[in-house]
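Q: Got a minute to go through this one with me? I'll put it up here.
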Amino acid sequence: MTDVFQGYERQYCEISASLSRKCTAAASQEGEKLKQKASEIKSGIDGAEALIRKMDLEARNLQPSLRAGQLAKLRE
């Protein structure tokens with residue numbers, strides 16, 4: 001596994017945990033606060049999707065022996 005892929009994976013895990021916390025917090029919000037949390041969550045999802053695309057590109061540029069494992073990890 002490349003250091004770049006691992007870095008993206010680490011960032012993705014951090015974003016995922018943050019999104020989980022924000023979703024939990026949003027459940028108790030109403031009105032403008034709820035809209036603000038929803039916007040933050042949407043932004044986080046967009047960031048996570050961008051990281052997944054970067055991880056996909058990185059995995060596709062690996063040697064064939066490593067590529068399959070990384071692409072399988074992405075599908076999870």
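Q: Let's start with Ser16: where is it, and is it buried or exposed?
A: Ser16 counts as partly exposed, at 36% relative accessibility; buried means under 20% relative accessible area, exposed over 50%, and partly exposed in between, with a 1.4 Å probe and protein chains only. Ser16 is found in helix H1. Helices here are DSSP runs (H or I, at least four residues; strands are E, at least two), numbered from the N terminus.

Q: Before I go on, what am I looking at, model-wise?
A: This is a predicted model: local features need pLDDT of at least 70, side-chain atom pairs count only at pLDDT 80 or more, and totals for chains, interfaces and linings use all residues. Residues are numbered from 1 along each chain as its sequence is written, and side-chain values use heavy atoms, with hydrogens and water left out.

Q: Back to Ser16, then. How far is Ser16 from Ile45 in space?
A: The two are 8.3 Å apart, C-alpha to C-alpha, with their positions 29 residues apart in sequence.

Q: And how do H1 and H2 pack?
A: H1 covers residues 3-26 and H2 residues 31-60, and they pack at an angle of about 160° with their axes 9 Å apart. That makes H1 roughly antiparallel to H2. Axes are lines fitted to C-alpha atoms, for helices over the stretch in contact, and angles run from 0 to 180 degrees between N-to-C directions. On that scale, under 35 degrees is roughly parallel, over 145 roughly antiparallel, 65 to 115 roughly perpendicular, and the rest oblique.

Q: What residue classes make up the contact of H1 with H2?
A: There are 17 nonpolar, three polar and six charged residues. Nonpolar is Ala, Val, Leu, Ile, Met, Phe, Trp, Tyr, Cys and Pro, charged is Asp, Glu, Lys and Arg, and the others, Gly among them, are polar.

Q: OK, now H2 and H3. What's the angle there?
A: About 165°, with the axes 9 Å apart; H3 is residues 64-75. So H2 is roughly antiparallel to H3.

Q: Which residues of H2 and H3 meet?
A: From H2, Ile52, Met55, Asp56, Ala59 and Arg60 meet Arg67, Gln70, Leu71 and Leu74 in H3, where contact means heavy atoms within 4.5 Å. By class, that contact divides into five nonpolar, one polar and three charged residues.

Q: What does Arg60 touch?
A: Arg67 and Leu71, not counting residues up to four places away in sequence. The C-alpha atoms of Arg60 and Glu9 are separated by 15 Å.

Q: And Lys73, how far is that from Glu9?
A: Their C-alpha atoms are separated by 9.9 Å, though they sit 64 residues apart along the chain. Lys73 lies in helix H3 and is partly exposed, with a relative accessible area of 31%.

Q: What about Lys35, buried or exposed?
A: Lys35 is exposed, at 55%. Lys35 lies in helix H2, and its C-alpha is 40 Å from that of Asn61.

Q: Switching topic: how many disulfides?
A: Zero, with a disulfide taken as a pair of cysteine sulfur atoms within 2.5 Å.

Q: Why is Cys13 not bonded to Cys23?
A: Because the sulfur of Cys13 is 16 Å from the one in Cys23, its closest cysteine sulfur, and that's too far for a bond.

Q: How accessible are Cys13 and Cys23?
A: Cys13 is partly exposed at 47% relative accessibility, and Cys23 is partly exposed at 43%.
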